[in-house]
Amino acid sequence: KTLFDMDEITQYIEDGMKNYDSQLNAELHLMTVLAGMPEKEYTVQFESDINADWTNVTNGVNAVQNGLNDMEITAVLRKEALLADFDAITAKVNEIEAGGIYDKKIMSGAAAEFAVYFKDRDAIEMMLDTLADYAMGMEKGVSQPDVPRMKTYAANMGKVMSGDYTAMSSSGLKFTEDQKAIIQGEAAREQIVSVLGEEYLGMSSEMQAAAVITQVVDQKWAGMYETMSNTPEGQMMQMTKRLLKLKAVPRPDDAADALALAICHARSFTSRLPRTMNVRETV
């Protein structure tokens, strides 16, 4: 081969390399373009999915927040209702204490027991008044039962709500079939009107039941608490508690009687009556 021939071969190779590079560059560019197109589409789809997920998350967070707000509002309203119920029942307990010998402690315990059987505040208040008569009748005299016994009396009355009339029946308190139907919430309109009166038609089933229980207790012991609390013995017990600034009537009853006698003796010893009336004491 001549040198000319070698130059041609070299030029041929260089031209071929250039063509190869151009082709390679074109193919690489095409591959980039082709690769870039699905990448862009994927990116768009990915961004769309992310936005959708974020929207869902945002909606979920807002829903949870709204739920928490609703729960907070419900809790506040429930708290206010419970406080109102507590205040009303406490007022009733204080009223019973002020009107006789049963103190706040034993009546509060009874109210807690009634809350097992009743949810209606007005029904519990009615049952507390009825319990005072029932307990006084069961005690058969001017006596203040302790907390456990008073809670037992309340349970005896409350169990009627579940159809257990045993305790009250054993005390001579009987329920008619119409009264039982009202307590169980199965009474027809005519039965409610016949037993309680039309004014009870719009009241809750628990209020109707409480009214029936009160009706039955009243047949035997209506006004018993007020009557016995106003007897000389009852008034003496109240006076003892008031003068000695006690939270409750002393127990047992013998202790209350002894304190009452001691107070009377002390009062007579310090009385100004002899000096006021110029009465001469003699030995």
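These legends accompany four close-up views of a predicted model.

**View 1. Helix α8 and the turn that follows it.** Here we look along residues 205-221, which make up helix α8. At 1.5 Å a residue, its 17 residues should span 24 Å, and the end C-alpha atoms are indeed 24 Å apart, so expectation and model agree. Most of the helix is covered, with 12 of the 17 residues buried. Among them is the run E206, M207, Q208, A209, A210, A211, V212, I213 and T214. Further along, V216, V217 and W221 are buried too. Do look just past the end of α8 as well: G223 has a positive phi there, of about 70°.

**View 2. Helices α2 and α4 side by side.** This view brings together α2, residues 104-117, and α4, residues 147-158. The two helices pack at an angle of about 30°, and their axes lie 8 Å apart. Angles under 35 degrees count as roughly parallel, so α2 is described as roughly parallel to α4. The crossing of α2 past α4 is right-handed. On the α2 side, the residues that meet α4 are K105, I106, M107, G109, A110, E113, F114 and Y117. Their partners in α4 are V147, M150, K151, A154, A155, M157 and G158. Sorted by class, this contact of α2 with α4 holds 10 nonpolar, 2 polar and 3 charged residues. A handy reminder while tracing the helices: an α-helix has 3.6 residues a turn, so residues three or four places apart point the same way.

**View 3. K159 in the loop after α4.** Now we step into the loop between α4 and α5, where K159 lies. Is K159 buried or partly exposed? Its relative accessible area is 34%, so K159 is partly exposed. Leaving out residues up to four places away in sequence, K159 touches Y117 and D164. Y117 will be familiar from the previous view, as one of the α2 residues that meet α4. K159 and Y117 are 42 residues apart in sequence, yet their C-alpha atoms are 7.4 Å apart in space.

**View 4. S171 and its contacts.** Our last stop is the loop between α5 and α6, which holds S171. With a relative accessibility of 12%, S171 counts as buried. Which residues does S171 contact, leaving aside neighbours within four places in sequence? They are Y134, M138, K220 and W221. This links back to the opening view, since W221 is one of the buried residues of α8.

Note on methods:
Residues numbered from 1 in each chain as written. Predicted model: local features only at pLDDT ≥ 70, side-chain atom pairs only at ≥ 80, totals over all residues. Heavy atoms only, no water. Helix = DSSP H or I, 4+ residues; strand = E, 2+ residues; numbered from the N terminus. Expected span 1.5 Å × (residues − 1). Buried < 20%, exposed > 50% of the residue type's maximum accessible area, 1.4 Å probe, protein only. Contact = heavy atoms within 4.5 Å. Axes fitted to C-alpha atoms, helices over the stretch in contact; angles between N-to-C directions. Parallel < 35°, antiparallel > 145°, perpendicular 65-115°, else oblique. Left-handed = near helix turned anticlockwise from the far one by under 90°. Nonpolar A, V, L, I, M, F, W, Y, C, P; charged D, E, K, R; others polar.
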